[in-house]
Amino acid sequence: MKTRARRLLPTLGLVPFLGYLTVFLFIPTIIIVVGAFTDHGRASLTNIQGLANPTVWQALKQSLILSASTAAIGAVFGSLLAYALVSGNPSGLARRAATSVCGVLAQFGGVMLAFAFIATLSYSGSLTDLLRDHAGIDIFGSGWLFALPGLILVYSYFQIPLMVIVFLPALDGIRVQWREAAENLGATTWQFWRHVGGPLLFPAFLGSALLLFANAFASYATAAALVSQGNPITPLYIRAALTSEIILGRQNLAYALALEMIVVVAIVMAAYALLVRRTSKWLS
Amino acid sequence: MATAVTERTGLEVRLEGLSRHFGDVRALDNLDLTLHPGELVALLGPSGCGKTTALRLVAGLDEPDAGRILVGDRDVTHMPANKRDMGMVFQSYSLFPHLTTQENVAFGLKLRGTDRGAREKRAKEMLELVGLGHQANRYANQLSGGQQQRVALARALAIEPSVLLLDEPLSALDAKVRAQLRDEIRRVQLEVGTTALFVTHDQEEALAVADRVGVMNKGKIEQLAEPETLYNQPASHFVAEFVGLMNRVPCHVADGRVEVLGATLGAREGSLPSGPGDALVRPEQLEVAAAEGGSGRVITVSFLGSITRVRVRMPNGSELLAQASGAEAARLAADQVVTVSITAADVLVAPAD
């Protein structure tokens, strides 16, 4: 009895965490799933059928484009920046400063970031005015900042630093000995990255890119602050479904949209797991 | 064990006047060293003596400030590492974790454009050579430390390097595996005939594996000699004390003769010319005998299997370590009064500590 109690003791430490997961993950997920299949208190497919609406599809398509493109931009530029950082002195000032700045910028999304871009690139933004007055260039154009291209630019602002933060440990994990061993066996720098460094970093790169995708896909505040007209992406459509006075009688459409997002992320995660399992047997 | 290794003769390797500084630290100081074709030379020394720096310069992983490196007739001093045609086994496990054992071994051949069939055949041969033919499809994380180093050795040899470089390849292994792999490395090196440079801080390893051992201190080689010579005729106090166990016995030198422990012995070359000093005497050169009225007192008697070590306190407070065989040792016990005498005909004398 005593031994059993002792064995159960460490499990008790998990209780707060499990409680947290229950309150903030399991229960909301259940509410979403139940809500998506309920209408006016009865089981219904009305909300799910609502997902077939062309404007909902358009929002999902734009969300996917936004998430995939900013994940790609963030992954490429962020990994290059991370590589530049690991190539320098590991305890040097440049690296410490860059990682600190990235840590701040990765969390800089939301109203502040949207306002910063509005103040700089909107119709009467400082840079727009400057270029219009002194170079005769109109960078505002037809208002791209408030549409998908603008969202891509603004999201990249926090996606690139986030990639630096999450990818840096993986790059640090590339041992000097691997590089020297490859060199010693006749590899050029390109051959090392092609045959050793690249394959070794691939799972981490893919994982980081997935995190960026999910980060962009679920982002709301930045887009909400930047876009006041229309619902170009799914999170904004959920807002509209919850608050709009136009989409009356479809209160539970928001649940269906949230479920749609969960399914997209689940598919991406499953594809990632499958890909990593196939390409990286050595990780097991 | 099936081995089909190409019969080859190693090349001569010459390090001429190699120097390397790191800031104010002089890691290598005008180092000269010649490795004869097919020879295995071990560089032995404490941390920071420059042995690894020398090896990295030969490998091309670092560049010397002065001097040159010749492999056969080729001057490789400023040649990039990937063009030097050298095989290297690193201290820590350097296998590529995403490749199987066989792919690791075949890696260098793949870079050289060897066709798939030929490189797979060669990789299998090399794995057989190191006794891991049956582990070809395993990944590094599925192998023990000793197995990983065997694969690293096979990988280094697969490219038929002109020189084999071993950078403390056994230091991360446990004692038993270390001894086994040490012999294995020597066997394989003799079999392929590659000239090899082996860096280690472990004197037993160096003495056991090398044709010649170079003892390094402060960026220079203090003595380069065959293991027996190094042990029995150390050329300097540093070598004498670094290689094997050594007692410092107070003595007096005059006219090439040494007065020590009541005996008069010859002074070996390199000794202090005259005056008081310390005779450097190995434990096996000291004889301990139980005797009434002896000047020493036994502190401990340690049975080590084939030999027994006896620690004796002398009247001046110093401690001596002697080695005794079974019969003598059986008569000794702690606190016993003993006489201590030297069996050597001559000794090396260092300035007193």
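## Helix packing in chain A and the cores of chain B

In chain A, the buried residues of α6(A) pack against α8 (148-172) and α11. The model is predicted.

**The α6 helix of chain A**

Helix α6 of chain A covers residues 111-121. Its buried residues are A:L113, A:A114 and A:F117. These buried residues cover an arc of only 100 degrees around the axis, so they sit on the same side of α6(A). An α-helix has 3.6 residues a turn, so residues three or four places apart point the same way. The other side of α6(A) carries A:V111 and A:M112, which are exposed.

**A:A221 and its surroundings**

A:A221 belongs to helix α11 of chain A, residues 221-226. Is A:A221 buried, exposed or partly exposed? It counts as partly exposed, because 14 C-beta neighbours lie inside 10 Å. A residue needs 20 or more such neighbours to be buried, and 12 or fewer to be exposed. Beyond its neighbours within four places in sequence, A:A221 contacts A:G109, A:G110 and A:V111. A:V111 is also one of the exposed residues of α6(A). A:P203 is 18 residues from A:A221 in sequence, and their C-alpha atoms are 30 Å apart.

**Annotated spans of chain A**

An unreviewed UniProt entry places the feature "transmembrane region" at six spans of chain A: residues 12-37, 64-86, 98-123, 143-171, 200-227 and 253-275. Two of them are set out here.

| Span of chain A | Helix | Strand | End C-alpha atoms apart |
|---|---|---|---|
| Residues 64-86 | 100% | 0% | 32 Å |
| Residues 200-227 | 89% | 0% | 40 Å |

**Two domains in chain B**

The domain assignment splits chain B into domain 1 (13-237) and domain 2 (245-351). Taken over C-alpha atoms, the domain centres are 38 Å apart. How many residues of each domain are in contact with the other? The count is 4 residues of domain 1 with 4 residues of domain 2. On the domain 1 side there are 2 nonpolar, 2 polar and no charged residues.

**The nonpolar cores**

The largest nonpolar core holds 113 residues. Within it, B:A42, B:V58, B:A154, B:L165, B:L197 and B:V349 touch the most other members. Helix α4 of chain B, residues 145-158, gives the most to this core, with 7 residues. Why does the core lie between the domains of chain B? Domain 1 and domain 2 both give residues to it, so it lies between them.

B:V349 shows what surrounds one such member. Leaving out residues up to four places away in sequence, its contacts are B:C251, B:V253, B:V258, B:A267, B:S271, B:L272, B:G277, B:D278 and B:A279.

Another core, of 45 residues, lies apart from the largest one. Its members include A:M163, A:A223, A:L226 and A:L253.

**Where chain B meets chain A**

Between the chains, 19 residues of chain B are in contact with 17 residues of chain A. On the chain B side, the elements giving two or more residues are β6 (86-89) and α2 (101-111). Which of the elements gives the largest share? It is α2(B), with 3 residues. By class, the chain B side has 12 nonpolar, 6 polar and 1 charged residue.

Terms used:
Residues numbered from 1 in each chain as written. Chains lettered and ligands numbered in written order. Predicted model: local features only at pLDDT ≥ 70, side-chain atom pairs only at ≥ 80, totals over all residues. UniProt positions renumbered as here; feature names shortened; annotations may be inferred. Helix = DSSP H or I, 4+ residues; strand = E, 2+ residues; numbered from the N terminus. Domains from an automatic or database assignment. Contact = placed C-beta atoms within 7 Å. Nonpolar A, V, L, I, M, F, W, Y, C, P; charged D, E, K, R; others polar. Core = buried A, V, L, I, M, F, W, Y, C linked by C-beta atoms within 7 Å. Arc of directions from axis to C-beta.
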